[in-house]
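Biologist: Please take a close look at the part of this chain that surrounds the ligand. Then place that part in the chain as a whole.

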Amino acid sequence: MTTRVAVIGATGTMGRLICGLVEQADHYELVARLGSQSELSEMLGAEIAIDVTRPGVSQGVVDFACANGLRVLVGTSGWSEDRIGSLSHRLAGRDDTGVVIIPNFSIGSVLATAFATAAARFYDSIEIVEAHQAAKVDSPSGTAVRTAELIGRARAELGPVSAPHTDQRARGQQVSSVPVHSLRLAGLLARQDVFLGGPGETVTISHNTLSAQAYERGIMLALDATREARGVTVGLDQIVDLGFGTTPTPVGASVTGAGASV
Ligand SMILES: NC(=O)c1ccc[n+]([C@@H]2O[C@H](COP(=O)([O-])OP(=O)(O)OC[C@H]3O[C@@H](n4cnc5c(N)ncnc54)[C@H](OP(=O)(O)O)[C@@H]3O)[C@@H](O)[C@H]2O)c1
């Protein structure tokens, strides 16, 4: 049986990639492609809406889709912890809809964040440098915010990282006490480095997205998970077992992933 899918943001870079993947998949049917000139009602008739638009647009898309009983997969940036919490509250008790929010569809990026989170208890000096293409409108990136939040959570009993002179602007924006530095450069797609320092050593955890192909596997895994989604699920790590001994929260539970922010 095929599942009917509408892509909102279909004319964009991510939207075009996702439309191609959905069209190639046997068990999905692409029934609508929406752009900025479309009416949201054009998604009606689909069972799943995939939102890859803009941070200021995404919430309206999600609210409309949920109000009309569609399940939603969100790849758009800008979903803060507050916004996710409020959505989770609104969807509580609803069986007919659910939202899966994926800050980063790349398996490698999710692994790199998990590695950094695992290392965070062992080092007091931790800083993140993220670099994206010049056209990216938001900073720091959702992935950097999420990485910092998870690091903060992993260090809950140890306290904030050691980050001197953060009153100086060049020391970055602190997220969960971790300084985050954003580069916006022509020629780049996406890169993130987490630097950890301790007595006599440093560890660097790097992830480099070389092409949008890096998102393909995660997009299909997330789309499969969205078919049965209820409540709000955040992060590929909640869908895929990364082998860190934690069980992904089943899709369907009304949860947010730890320290969620997109
Ligand atoms: N989760 C991930 O792994 C991941 C990876 C990369 C990017 N992203 C995020 O995904 C989002 C899209 O990225 P992108 O590079 O594809 O951006 P993009 O190329 O600028 O595309 C944006 C899309 O949104 C559409 N849009 C804008 N306003 C709209 C509205 N009011 N209603 C409906 N559609 C509207 C645009 O339509 P028009 O062409 O008609 O203007 C276009 O199709 C961004 O937030 C980005 O940060 C996420």
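Modeller: The answer starts at the ligand and works outward through the chain.

Residues are numbered from 1 along each chain as its sequence is written. The model is predicted, with local features needing pLDDT of at least 70 and side-chain atom pairs pLDDT 80 or more, while totals for chains, interfaces and linings use all residues.

The ligand is surrounded by 26 residues, where a residue is near a molecule if its C-beta atom, placed from the backbone, lies within 6 Å of it. Gly9, Gly12, Met14, Gly35 and Ser36 are the closest. Two elements, α1 (13-24) and α2 (55-67), give two or more residues each to this shell; helices are DSSP runs of H or I with at least four residues, strands are E runs of at least two, and numbering goes from the N terminus. The largest share, 3 residues, belongs to α1. Sorted by class, the shell has 14 polar, 11 nonpolar and 1 charged residues. Here Ala, Val, Leu, Ile, Met, Phe, Trp, Tyr, Cys and Pro are nonpolar, Asp, Glu, Lys and Arg are charged, and the others, including Gly, are polar.

Thr53 sits in the loop that runs between β3 (48-51) and α2. Thr53 counts as buried because 26 C-beta neighbours lie inside 10 Å; the cut-offs within 10 Å are 20 or more other C-beta atoms for buried, 12 or fewer for exposed, and partly exposed in between, with C-beta atoms placed from the backbone. Leaving out residues up to four places away in sequence, Thr53 touches Ile8, Gly9, Ser58, Val61 and Thr76, contact being C-beta atoms, placed from the backbone, within 7 Å. Gly9, one of these partners, is also among the residues closest to the ligand. Between Thr53 and Ala10 the C-alpha distance is 8.3 Å, across 43 residues of sequence.

Next come the domains. UniProt, in an unreviewed entry, places "domain: Dihydrodipicolinate reductase N-terminal" at residues 4-105; its positions use the numbering here, its feature names are shortened, and annotations may be inferred rather than shown by experiment. That span is 35% helix and 24% strand, with end C-alpha atoms 21 Å apart. A second annotation from the unreviewed entry, "domain: Dihydrodipicolinate reductase C-terminal", covers residues 109-237. Residues 109-237 are 27% helix and 31% strand, and the C-alpha atoms at the ends lie 10 Å apart.

The domain assignment, which is automatic or from a database, draws the bounds as domain 1 (3-101 + 213-238) and domain 2 (107-209). Their centres, taken over C-alpha atoms, are 27 Å apart. Domain 1 gives 8 residues to the contact and domain 2 gives 7. The domain 1 side of the contact has 3 nonpolar, 3 polar and 2 charged residues.

Two helices show how the packing is arranged. In α3 (residues 81-91), Ile84, Leu87 and Leu91 are buried. Viewed down the axis of α3, the buried residues fall within an arc of 65 degrees and so line one face, the arc being that of the directions from the helix axis to the C-beta atoms. Asp82 and His89 are exposed on the other side of α3. The cover over the buried residues of α3 includes α2, β5 (98-101) and β11 (231-234). Gly93 follows α3 and has a positive phi near 85 degrees.

In α6 (residues 216-226) the buried residues are Gly218, Ile219, Ala222, Leu223, Ala225 and Thr226. These fall within an arc of 160 degrees seen down the axis of α6, so they line one face of the helix. They pack against α1, β3, β4 (71-74), β5 and α4 (107-119). Of these partners, α1 is the element with the largest share of the ligand shell.

Some backbone details remain, in loops farther along the numbering. Ser139 and Pro140 are joined by a cis peptide bond with omega about -10 degrees, and Pro140 is in the loop between β6 (125-132) and α5 (142-154). His165, in the loop between α5 and β7 (173-175), has a positive phi near 60 degrees although it is not a glycine. His165 is exposed, with 8 other C-beta atoms within 10 Å. Ser176, also not a glycine, has a positive phi near 50 degrees and lies in the loop between β7 and β8 (178-184). Ser176 is buried, with 22 other C-beta atoms within 10 Å.

Notes: Contact = placed C-beta atoms within 7 Å.
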